[in-house]
Amino acid sequence: MLLEFKVKEELKPNKEILEILKQREYKVIDGAVKVLLKTNLEVITPTQYIITYPTPLTILEYKVNEISSKPFYIKEHNQKYNLKEIKQIFKKIG
């Protein structure tokens with residue numbers, strides 16, 4: 001038996017993050033909210049911003065509820081961030 005998913009919602013890239021990244025080489029993989037069929041379980045695939053130049057980084061953006069204020073996760077730092085913190089990181093690395 002295979003697990004079957006239905007896409008409930010497509011997650012589009014954050015325009016502010018794209019503005020920060022326009023001076024860099026990167027690719028974006030859209031995220032999605034999927035529902036496991038025959039259940040009410042939701043699976044969230046984050047939007048991925050894969051930066052290859054000048055500093056390799058992978059930023060994951062999760063769709064979060066109002067309680068969490070840090071929707072971004074940088075794999076290389078193993079840490080969560082909010083948009084303001086992401087902007088500060090990019091100011092530091094140039």
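These legends accompany several close-up views of a predicted model.

**View 1. The open sheet and its strand order.** Welcome to the sheet, where five strands line up as 2-5-6-7-8 with antiparallel pairing. At its edges sit strand 2 (25-29) and strand 8 (79-81), each of which pairs on one side only. On average, and with direction ignored, neighbouring strands here are turned by 25 degrees against each other.

**View 2. Strand 2 beside strand 5.** Here we look at the pairing of strand 2 with strand 5 (residues 47-53), which is antiparallel and runs over five bridges. To find your place, look for Y26, whose bridge partner in strand 5 is I51.

**View 3. Helix 2 across the strands.** Helix 2 (residues 83-93) lies across strand 5, strand 6 (57-61), strand 7 (72-74) and strand 8. Relative to strand 8, helix 2 runs at about 105 degrees.

**View 4. N14 and its surroundings.** N14 belongs to the loop between strand 1 (5-11) and helix 1 (15-21). Its relative accessibility is 18%, so N14 counts as buried, the cut-off being under 20%. A polar atom of the N14 side chain lies 2.8 Å from the backbone nitrogen of E16. Leaving aside residues up to four places away in sequence, N14 touches Y49, E61 and F72.

**View 5. Confidence along the chain.** The protein chain has an average pLDDT of 90, and 95% of the residues score at least 70. Confidence is highest in strand 2, at a mean of 96, and lowest in helix 2, at 89. A friendly reminder for any close-up: where pLDDT is low, the predicted coordinates should not be read in detail.

Methods: Residues numbered from 1 in each chain as written. Predicted model: local features only at pLDDT ≥ 70, side-chain atom pairs only at ≥ 80, totals over all residues. Heavy atoms only, no water. Pairing = 2+ DSSP bridges. Helix = DSSP H or I, 4+ residues; strand = E, 2+ residues; numbered from the N terminus. Axes fitted to C-alpha atoms, helices over the stretch in contact; angles between N-to-C directions. Contact = heavy atoms within 4.5 Å. pLDDT = per-residue confidence, 0-100. Buried < 20%, exposed > 50% of the residue type's maximum accessible area, 1.4 Å probe, protein only. Polar contact = N/O pair within 3.5 Å; in protein donor to acceptor, adjacent residues only side chain to side chain.
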